[in-house]
Amino acid sequence: MQQGQPMIVMSEDSQRVKDQDAQDYNISAARAVAESVRSTLGPKGMDKMLVDSMGSVTITNDGVTILEEMDIDNPTAEMIVEVAQTQEDEAGDGTTTAVSIAGELLKNAEDLIEQDIHPTAIIKGFHMASEQAREEIGDIAEGIDADDEELIRKTAETSMTGKGAEQHKEHLAELIVDAVSAVTVEKEDGGNVVDLEFLNIETQTGQSAGESELLEGGIIDKDPVHDDMPTSVEDASVLLLNDPIEVEEADVDTEVSVTDPDQLQQFLDREEEQLQEKVQRIVDLDADVVFCQKGIDDLAQHYLAKEGILAVRRAKKSDLEFLSEVLGATIVSDLESASEDVLGSGSVTRDEEDELFYVEGEGGHGVTLLLRGSTEHVADELERGVNDALEVVAQTVSDGRVLAGGGAVEVELASRLRDYADSVSGREQLAVEAFADALELVPRVLAENAGLDSIDTLVDLRAAHEDGQVRAGLNVFSGDVVDTFDAGVVEPAHAKDQAVSSATEAANLVLKIDDIISAGDLSTDKGDDEGGPGGAPGGMGGMGGMGGMGGAM
């Protein structure tokens, strides 16, 4: 204070929200994100259509894809999006579950705060409940052998259920299990590790997903650069080139004065010589096939065809990197300094119907999953679903633990946490009970999305678990409570463990904030002048209810 006047230490544009207002603001933002993906959960979940600023359309029910494509412009909401991204990176699936649990934890925490329970006590209770829940997951989980293909296939089918891949999930699950098996290696300690770096996924449109297939080696979806080139080469020496087979251009703009037509002809002859030298270099390396990431000059194409060399240009960088693993080749960036040991060996065959090359290496263990869909949107969603299933199967093989799905594990965890809460003293006990209630969101939402009564479903599930039926879950198709493990609804324990952990940490991070200070408005998109502070686009639904900062001051 200076002579009775407050000292101004913040700029005029800055904004600040404190205490209860800050907590309400943060919880509202986080809940809005969680509620935006809740309807996609489960086999009966609905899809979202996302249209970006460029007009590109994405149709999906994959939680992390939805949250990444949404134009979220709120710092707290972005923290919840990070939950989905972490879940995707660590477990491959369960993103919607993780985000939904985080939102429900914050909703229950808000009720406790209104009862004058301090956020610190809630945070401690949530942490205790999370640790206990993860212990219980370890107790409930069942071990799985890496050779148990039937159970592993069920985890893949469960992951794809409700997604674009569901119609052909049995066929795709078989492909996924075979693909993971092909890239699984045994560790020194006897465990298994799945190296998905050796698995490539390609999509094609125009055919049914049921015609997808698993191929040894890699594929190149390109045509030969010249009609006279061979289309198939057995026992080929393959050169992977990241260097254009074109006339070298000057790095700076240059002008040349030509006074005689012979001088112009000399320039043209020298260009031709350069191309001949590059092709001769390839011939000297004894390469039969060239996959080039850059361009190939028309004249060079003619010379390569004349030498009987198969060449492909503008191959994707990711395809070359994968072929380097399959063929045991080194990607060459400078043709002049290349030696014969950079070449890979294998066979290259052409499929004229699909217009692509199959590339198989000698002794390499890389495989390609070729997914087919009727349209581009179908193929893209199919790829997302298969990617999740691959990660799930890989985690299951590596972790070796599985759980019953259909909400069975959440109801059992909630029951055990309520028993655990009786041993917790102080106000943390209420937080542990609130955590248990939040876990039961999963079976409730599964029932809601299937058009069932969520209250009746939850009552039936609780009764079954009270009778000791640990694997009792919801059959969303019949509405009955069944042993979901025996019914083939199997989830990886690692994904559930990660979902509980990341949801708790995100909720606690939000609860710990009691003061928001912004140099300008609370938008994270400083390049956009539209929208109120902390606001989000209209498509966010409940996000608009976060309110402007003015009313919160």
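Are F126 and F435 buried or exposed? F126 is buried, and F435 is buried too. That is a handy place to start a walk through this structure, which is a predicted model.

**The overall picture**

The protein is built from 17 helices and 21 strands. Of its 553 residues, 49% are buried. If you look at contacts between residues at least 6 apart in sequence, 76% of them join residues at least 24 apart.

**An aromatic pair and a charge over a ring**

Back to the two phenylalanines. The protein has one aromatic pair. Its members are F126 and F435, with ring centres 6.0 Å apart and planes at 65°; planes over 60 degrees apart count as edge-to-face, so this pair is edge-to-face. F126 belongs to helix α5 (residues 119-140) and F435 to helix α13 (residues 428-439), so the pair links distant parts of the chain, 309 residues apart.

Another ring worth finding in your viewer is that of F357. R350 lies over its face, at 4.7 Å from the ring centre.

**How the helices pack**

Three helix pairs can be set side by side here.

| Helix pair | Angle | Axis separation | Handedness of crossing |
|---|---|---|---|
| α7 (residues 169-182) and α11 (residues 376-399) | about 50° | 10 Å | right-handed |
| α3 (residues 75-91) and α16 (residues 493-511) | roughly 160° | within 10 Å | right-handed |
| α4 (residues 95-114) and α16 (residues 493-511) | about 40° | 8 Å | right-handed |

Take α7 and α11 to begin with. Their axes pack at an angle of about 50°, and the two helices are therefore oblique to each other. On the α7 side, the contact is made by L172, I176 and V180. On the α11 side, L382, V386, A389, L390, V393, A394 and V397 take part. The spacing of such residues is easier to follow with a little helix geometry in mind. An α-helix has 3.6 residues a turn, so residues three or four places apart point the same way.

Helix α16 appears in two of the table's rows, with α3 and with α4. How are α3 and α16 oriented relative to each other? Their axes cross at roughly 160°, which makes α3 roughly antiparallel to α16. From α3, the contact includes T76, M79, I80, V83, T86, Q87, E90 and A91. From α16, the residues involved are H494, A495, Q498, A499, S502, A503, A506, L509 and V510.

With α4, the angle is about 40°, and α4 and α16 are therefore oblique. Here T97, A98, I101, A102, L105, L106, A109 and I113 of α4 meet a set of α16 residues made up of K496, A499, S502, A503, T504, A507, V510 and L511. Among the α16 residues in this contact are A499, S502, A503 and V510, which also take part in the contact with α3.

**E440 and helix α14**

E440 sits in the loop between α13 and α14 (441-449). Is E440 buried or exposed? Its relative accessible area is 2%, so E440 is buried. Apart from neighbours within four places in sequence, E440 is in contact with A414, R418, L458 and R462.

The helix that follows this loop, α14, is mostly covered, with seven of its nine residues buried. Those seven are L441, V442, P443, V445, L446, A447 and N449. After α14 comes G451, which has a positive phi, near 75°.

**Two loop residues with more exposure**

M46 is located in the loop between α1 (19-38) and β2 (48-51). With 55% relative accessibility, M46 counts as exposed. Setting aside neighbours within four places in sequence, its contacts are S39, T40 and N61. M46 and G162 are 116 residues apart in sequence, yet their C-alpha atoms are 8.3 Å apart in space.

G210 is in another loop, the one between β7 (199-205) and β8 (213-216). Its relative accessible area is 31%, so G210 is partly exposed. Which residues does G210 contact, leaving aside its neighbours within four places in sequence? They are H168 and H171. K169 is 41 residues from G210 in sequence, with a C-alpha to C-alpha distance of 8.8 Å.

How values were computed: Residues numbered from 1 in each chain as written. Predicted model: local features only at pLDDT ≥ 70, side-chain atom pairs only at ≥ 80, totals over all residues. Heavy atoms only, no water. Phe/Tyr/Trp six-rings, centres within 6.5 Å; stacked < 30°, edge-to-face > 60°. Helix = DSSP H or I, 4+ residues; strand = E, 2+ residues; numbered from the N terminus. Buried < 20%, exposed > 50% of the residue type's maximum accessible area, 1.4 Å probe, protein only. Lys NZ or Arg CZ within 6 Å of the ring centre and 35° of its normal. Contact = heavy atoms within 4.5 Å. Axes fitted to C-alpha atoms, helices over the stretch in contact; angles between N-to-C directions. Parallel < 35°, antiparallel > 145°, perpendicular 65-115°, else oblique. Left-handed = near helix turned anticlockwise from the far one by under 90°.
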